[in-house]
Amino acid sequence: YSALLAFMFKETGHDVVANYLHDCCISSVNLLEVASRFSRDGLPVAPVLQLISSLGIAIIPFEETHILPVATLAKVGKEYGLSQADRICLG
């Protein structure tokens, strides 16, 4: 989700991310993280969701089968300062 935020806020590397948007996906949990960032900053969330939809980014539901791989990364993730959302991206 960090790459998507970099693209949306035109941060360093946003141009690189743009090259991969046509062939990417995001978990529903990570999309929630993106939407929450906008909400936290007082920005409207609906246009963000519309943009994701218009870019054709597939939204993958976070399901029970995803729990074990993400939970398994908790110990290593802590060592590297990875948030739960970061681990969901990797899981």
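**Note on the predicted model**

1. Glu33 has a relative accessibility of 34% and so counts as partly exposed; buried means under 20% relative accessible area, exposed over 50% and partly exposed in between, with a 1.4 Å probe and protein chains only. The residue Glu33 belongs to helix α3. Helices (H or I, at least four residues) and strands (E, at least two) are DSSP runs, numbered from the N terminus. Outside its neighbours within four places in sequence, Glu33 is in contact with Tyr1 and Ala85, where contact means heavy atoms within 4.5 Å. From Glu33 to Thr12 the C-alpha distance is 20 Å, with their positions 21 residues apart in sequence.

2. Basis of the values. The model is predicted, with local features requiring pLDDT of at least 70 and side-chain atom pairs counted only at pLDDT 80 or more, while totals for chains, interfaces and linings use all residues. Residues are numbered from 1 along each chain as its sequence is written, and side-chain values use heavy atoms, with hydrogens and water left out.

3. Overall fold. The protein chain contains seven helices and two strands, in the order α-α-β-α-α-β-α-α-α from the N terminus. Its radius of gyration is 14 Å, close to the 12 Å given by the globule rule for 91 residues, so the chain is as compact as a globular protein of that length. The radius of gyration is taken over C-alpha atoms, and the globule rule is 2.2 Å times the number of residues to the power 0.38. The C-alpha trace spans about 35 × 30 × 25 Å along its principal axes.

4. Burial, contacts and charge. Of the 91 residues, 25% count as buried. Among contacts with a separation of 6 or more, 61% are between residues 24 or more positions apart. The chain exposes about 6,100 Å², of which carbon and sulfur atoms supply 59%; accessible areas come from the Shrake-Rupley method with a 1.4 Å probe, and for residues only the protein chains shown count as cover. The 6 positive and 9 negative charges have mean positions 8 Å apart. Lys and Arg count as positive and Asp and Glu as negative, without His and the chain ends; each charge is placed at NZ of Lys, CZ of Arg, CG of Asp or CD of Glu.

5. Aromatic pair. One aromatic pair is found in the whole structure. The ring centres of Phe9 and Phe38 are 5.0 Å apart and the planes lie at 20°, so the pair is stacked. The pair links distant parts of the chain: Phe9 is in the loop between α1 (2-8) and α2 (14-18), and Phe38, 29 residues apart from it, is in helix α3. Rings of Phe, Tyr and Trp (its six-membered ring) pair if their centres lie within 6.5 Å; planes under 30 degrees apart count as stacked, over 60 as edge-to-face and the rest as tilted. Phe9 is partly exposed at 27% relative accessibility, whereas Phe38 is buried at 9%.

6. Lys10. This residue also lies in the loop between α1 and α2. Lys10 has a positive phi of about 55° although it is not a glycine. Its relative accessible area is 62%, so Lys10 is exposed.

7. Asn30 and Ile88. Asn30 sits in helix α3 (residues 28-40) and is buried at 2% relative accessibility. Beyond four places in sequence, Asn30 is in contact with Tyr1, Ala85, Ile88 and Cys89. Ile88 is part of helix α7 (residues 84-90) and is buried too, with a relative accessible area of 10%. Not counting residues up to four places away, Ile88 touches Ser27, Val29, Asn30, Phe62 and Val70. Between the C-alpha atoms of Ile88 and Thr72, 16 residues apart along the chain, the separation is 11 Å.

8. Ser27. Strand β1 (residues 25-27) holds Ser27, which is buried at 14% relative accessibility. With residues up to four places away left out, Ser27 touches Ile60 and Ile88. Ser27 and Leu68 are 15 Å apart, C-alpha to C-alpha, and 41 residues apart in sequence.

9. Ile52. Helix α4 (residues 46-55) contains Ile52, which is buried with a relative accessible area of 1%. Apart from residues up to four places away in sequence, Ile52 touches Leu4, Leu31, Ile57 and Ile59. Its C-alpha atom is 9.5 Å from that of Ile26, and the two residues are 26 residues apart in sequence.
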